[in-house]
Amino acid sequence: MASSNAPNACWPSRPFPPDADVAWEKGHHRLDRRRLKRVTVSPEEIGLCGCWQVLAVRRERVELGRKAGPPSDVIGYYATSLEAVQLSDAALLQAIRDHWSAIENGAHHRRDVSFGEDASGVSQRGAAQVLACLRNLALGVYELASERGQTRAPSAKSRCRQMTFIAALTELRR
């Protein structure tokens with residue numbers, strides 16, 4: 001995701017789609033509404049190689065139930081190599097959602113379930129990055145072993161309990 005310091009010259013004064021044009025979606029004990037504003041650019045004018053659009057996605061969220069708190073209204077900025085004619089606004093919003101869903105439900109979820117990443121008390125940036133790399137390496141070694149039929153461990157967590165550094169190194173060299 002790009003910085004929120006997107007040049008103002010890129011954003012015409014046209015507003016996000018009006019409230020009446022965008023439906024609320026209900027799920028995960030909350031209401032969500034997303035709106036897209038996009039600007040066609042060239043890589044030269046934006047200074048990003050391969051960038052053909054700059055997007056702003058306004059995400060409004062209202063938590064329901066016991067966790068209900070104040071509503072949130074956040075704007076995220078994106079740059080894409082897709083040309084404007086390639087995807088409709090709805091398809092582009094879905095592509096952004098799918099991207100983040102894959103991250104959250106893919107690698108992040110696996111690292112958190114296997115290694116308790118969210119509960120980690122490490123606060124130094126460098127140390128946190130090293131631990132994230134080691135967790136990714138451990139998951140990669142497990143996936144390689146699973147693909148090759150070299151483990152019957154049901155999860156990366158149980159495989160890591162059996163693994164030594166030398167054994168992991170040997171598996172990586174194959």
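## A first look

Of the 174 residues in this chain, 28% are buried. The model you are looking at is predicted, so it helps to keep an eye on confidence, where pLDDT is the predictor's own score for each residue, from 0 to 100. The average pLDDT of the chain is 82, and 90% of the residues reach at least 70.

The accessible surface adds up to about 11900 Å², with carbon and sulfur atoms accounting for 55% of it.

## The order of the elements

As you follow the chain, you will meet five helices and four strands. Starting at the N terminus, they come in the order β-β-α-β-β-α-α-α-α.

How much of the contact network joins residues at least 24 apart in sequence? Among contacts between residues at least 6 apart, the share is 48%.

## The sheet

The four strands form an open sheet, ordered E1-E2-E3-E4 and paired in the antiparallel sense. At its edges lie strand E1 (25-27) and strand E4 (72-80), each of which pairs on one side only. On average, neighbouring strands of the sheet are turned by 30° against each other, direction ignored.

A good place to zoom in is the pairing of E3 with E4, which is antiparallel and runs over nine bridges. Here you can find glutamate 60, whose bridge partner in E4 is aspartate 73. Helix H2 packs on the sheet and touches E1, strand E2 (30-40), E3 and E4. The direction of H2 makes about 115° with that of E2.

## The nonpolar core

In soluble globular proteins, nonpolar side chains tend to be buried together. Which residues make up the largest nonpolar core in this model? There are seven: Leu36, Leu55, Val57, Tyr78, Leu92, Leu93 and Ile96. At least two of the core residues come from strand E3 (53-63), and at least two from helix H2 (89-115). H2 is the biggest contributor, giving three residues to this core. The helix that packs on the sheet is thus also the one that gives the most to this core.

## Where to trust the model more, and less

Confidence varies along the chain. It is highest in E3, with a mean pLDDT of 93, and lowest in helix H4 (residues 156-162), with a mean of 70.

One more stretch deserves a careful eye: over residues 1-7, pLDDT stays under 50. For these residues the model has 10 contacts beyond four places in sequence.

Methods:
Residues numbered from 1 in each chain as written. Predicted model: local features only at pLDDT ≥ 70, side-chain atom pairs only at ≥ 80, totals over all residues. Heavy atoms only, no water. Core = buried A, V, L, I, M, F, W, Y, C linked by side-chain atoms within 4.5 Å. Buried < 20%, exposed > 50% of the residue type's maximum accessible area, 1.4 Å probe, protein only. Contact = heavy atoms within 4.5 Å. Areas by Shrake-Rupley, 256 points an atom, 1.4 Å probe, with all protein chains shown as cover. Pairing = 2+ DSSP bridges. Axes fitted to C-alpha atoms, helices over the stretch in contact; angles between N-to-C directions.
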